[in-house]
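Student: Could you take me through one helix pair in this structure in close detail, after a brief word on the chain as a whole?

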Amino acid sequence: MTEYGRGSGSEPWHPEDPLYGDQGWGGQQSAHGQGQYGGGQQSYPQDPYTHQQQVPYAQQPQDPYAQQSQDPYAQQQHYPQQPAYGAQQDPYAQQVQQPQQPQQPQYGNTGWDTGQQAAMPYDAQQADPYGGQGGYGETSDYYGTPEAYPPPQPPGRREAAPQQAPAQNPDWDPEVQPEETHPFFTGSDDPDGRNKDVEDDEEHEDDSRASRRGGRGGSERRGGKGKKKSRNGCACLVVSLVLVGGLGGAAYFGYSYWQDKFGAAPDYAGRGTGEVEVEIEKGAFGSDIGNILKEKGVVKSVDAFVAAQNENPQGKSIQAGVYLLRKEMSAAEAVKMMLDGNSQNLLVIPEGTRNVAVYEMIDKKLGLKKGTTKGVAKSEAPDLGLPDWASDGKNIKDPLEGFLFPAAYPVTKGAKPEAVLKKMVSRANEEYGKLDLEATAKKHKLDGPWQVLTVASLVQAEGLTHDDFRKMAEVVYNRLKPDNSVSNGKLEFDSAFNYLKNQSKIKIGSNEIRTNPDPYNTYYHEGLPPGPISNPGDEALRATLNPTGDGWMFFISLDGKKTQFTKTVAEHEKLNDKFKEKHGLG
């Protein structure tokens with residue numbers, strides 16, 4: 001055969017033929033005989049996306065190597081080798097059987113090849129090194145039409161595609177921003193975009209076919225963009241809804257937090273309706289009281305009550321007890337009503353009250369028959385909690401005398417009298433436990449705490465003020481002394497006689513008072529009475545523990561308002577004469 005296989009014979013083309021294969025990118029062929037690396041021969045794999053129909057060279061004279069795909073995964077088309085008929089005949093007008101060349105990777109500067117090349121005039125100076133000696137027939141350029149689109153870009157250069165579009169795509173609008181390609185906005189199931197390359201190539205190939213059939217590819221492509229925009233709109237709507245929902249939730253919780261920390265506490269308005277009984281235990285704080293009132297339906301919230309209590313100057317002085325309040329009151333009205341003593345459903349025992357009077361008060365408070373509480377006290381006295389040092393001697397009129405401590409007791413509707421008595425005895429034990437009664441008994445040579453309590457009851461019954469209580473306690477101790485020659489060991493207290501008579505008289509005849517043998521008559525018997533004659537309060541108790549030391553032996557009250565104390569019999573007789581004269585006693 002001739003050089004480069006141009007002579008006759010069935011030999012294949014020489015592998016170093018400068019016209020073997022094509023080069024370049026973008027559908028343009030490298031100059032014949034010029035390799036990308038200075039003369040080196042390169043072969044290209046076929047493009048699986050390019051399906052070109054085999055046409056006889058007589059109808060469509062083309063370079064058979066221009067149809068060779070550059071996709072390494074595609075099948076190569078083979079053309080049968082034709083015998084040469086002389087050097088004058090163009091060997092390219094004949095189909096030859098070209099042996100499959102080993103596929104080599106593309107290393108050209110122009111990048112990845114699409115497998116399609118644009119037809120060029122054979123006598124082009126850049127493409128034909130032979131200067132027009134024979135040539136190819138012109139091939140239609142599919143990318144030269146107005147409806148055409150640029151060939152797909154290689155994966156490494158996809159990002160630059162929008163900037164190249166104006167030169168090749170007449171539909172490209174420079175004012176329109178590139179579409180979002182993230183799978184979340186496009187609706188793609190391929191989050192990594194690995195299938196994007198294949199889809200772009202298939203879309204381009206479809207457009208090319210449509211262009212050849214009548215230019216319908218452009219409209220179909222624009223229709224595809226409409227679908228993407230629809231997906232983009234749905235995605236944006238979803239994002240907007242999520243953002244609006246999140247902002248709404250944040251606003252709600254922010255308002256709730258502000259209302260809880262800085263807003264006004266829920267509260268009722270007005271003075272309320274109906275009546276409800278509320279018991280407040282001893283030692284309860286403002287929040288504790290608020291919780292009780294809220295549970296009873298008096299106030300709407302604890303915070304509202306605490307705020308109203310703090311705003312009222314006397315709010316902190318609310319005492320334990322039972323209150324008659326109303327339902328659904330404003331917190332301020334509830335505080336005001338609790339500070340009013342008339343609203344308290346309490347049983348108030350004044351200092352110095354005898355037990356017989358206390359029993360009557362309990363019956364009245366509980367709505368019981370008169371004498372009911374007195375009978376319970378007599379029958380259940382040992383079970384009401386009296387201390388061990390309490391006396392149960394046969395001369396004692398009431399073992400509970402002195403143990404129904406004077407105070408205000410909450411009494412609810414339906415309470416039992418024994419329950420009320422137990423509260424009083426318990427309170428007495430509590431108060432007496434704060435005092436050293438045993439030490440006082442030893443100091444003044446008394447028979448234990450029981451006699452100290454008896455002295456306190458006498459002081460409470462005879463004295464009027466705190467100063468009176470201390471002087472009165474000294475008078476008792478001085479008269480109980482063995483060397484007392486003034487009264488010969490007798491106390492001579494009218495209060496003790498009134499106790500045994502269950503009366504409160506000032507005018508008592510001398511003959512009556514000195515001849516009555518009752519054990520509680522201190523005019524008749526020496527020393528203390530068998531037991532307390534009343535329920536002393538805290539002041540009288542403390543005065544009994546801390547009497548004066550001035551030597552007082554006598555006392556008398558001329559008007560019942562002021563007590564006068566003296567040390568000698570002469571001083572006392574002068575005051576006594578005045579007293580008889582004032583009250584008409586002979």
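**A close look at one helix pair**

Tutor: Of the 586 residues in the chain, 39% count as buried, that is, under 20% relative accessible area with a 1.4 Å probe and protein chains only. This is a predicted model, in which local features need pLDDT of at least 70 and side-chain atom pairs count only at pLDDT 80 or more, while totals for chains, interfaces and linings use all residues. Residues are numbered from 1 along each chain as its sequence is written, and side-chain values use heavy atoms, with hydrogens and water left out. The chain holds 17 helices and 6 strands, taken as DSSP runs (H or I of at least four residues for helices, E of at least two for strands) and numbered from the N terminus.

The pair to examine is helix α12 (residues 448-462) and helix α13 (residues 466-479), whose axes come within 9 Å and cross at roughly 130°; axes are lines fitted to C-alpha atoms over the stretch in contact, and angles run from 0 to 180 degrees between N-to-C directions. α12 and α13 are therefore oblique to each other, a class left over once angles under 35 degrees (roughly parallel), over 145 (roughly antiparallel) and 65 to 115 (roughly perpendicular) are set aside. Where α12 contributes V455, V459, Q460 and E462, α13 answers with F469, M472, A473, V476 and Y477, contact meaning heavy atoms within 4.5 Å. The residues of this contact between α12 and α13 comprise 7 nonpolar, 1 polar and 1 charged, with Ala, Val, Leu, Ile, Met, Phe, Trp, Tyr, Cys and Pro as nonpolar, Asp, Glu, Lys and Arg as charged, and the others, Gly among them, as polar.

Notes: Buried < 20%, exposed > 50% of the residue type's maximum accessible area, 1.4 Å probe, protein only.
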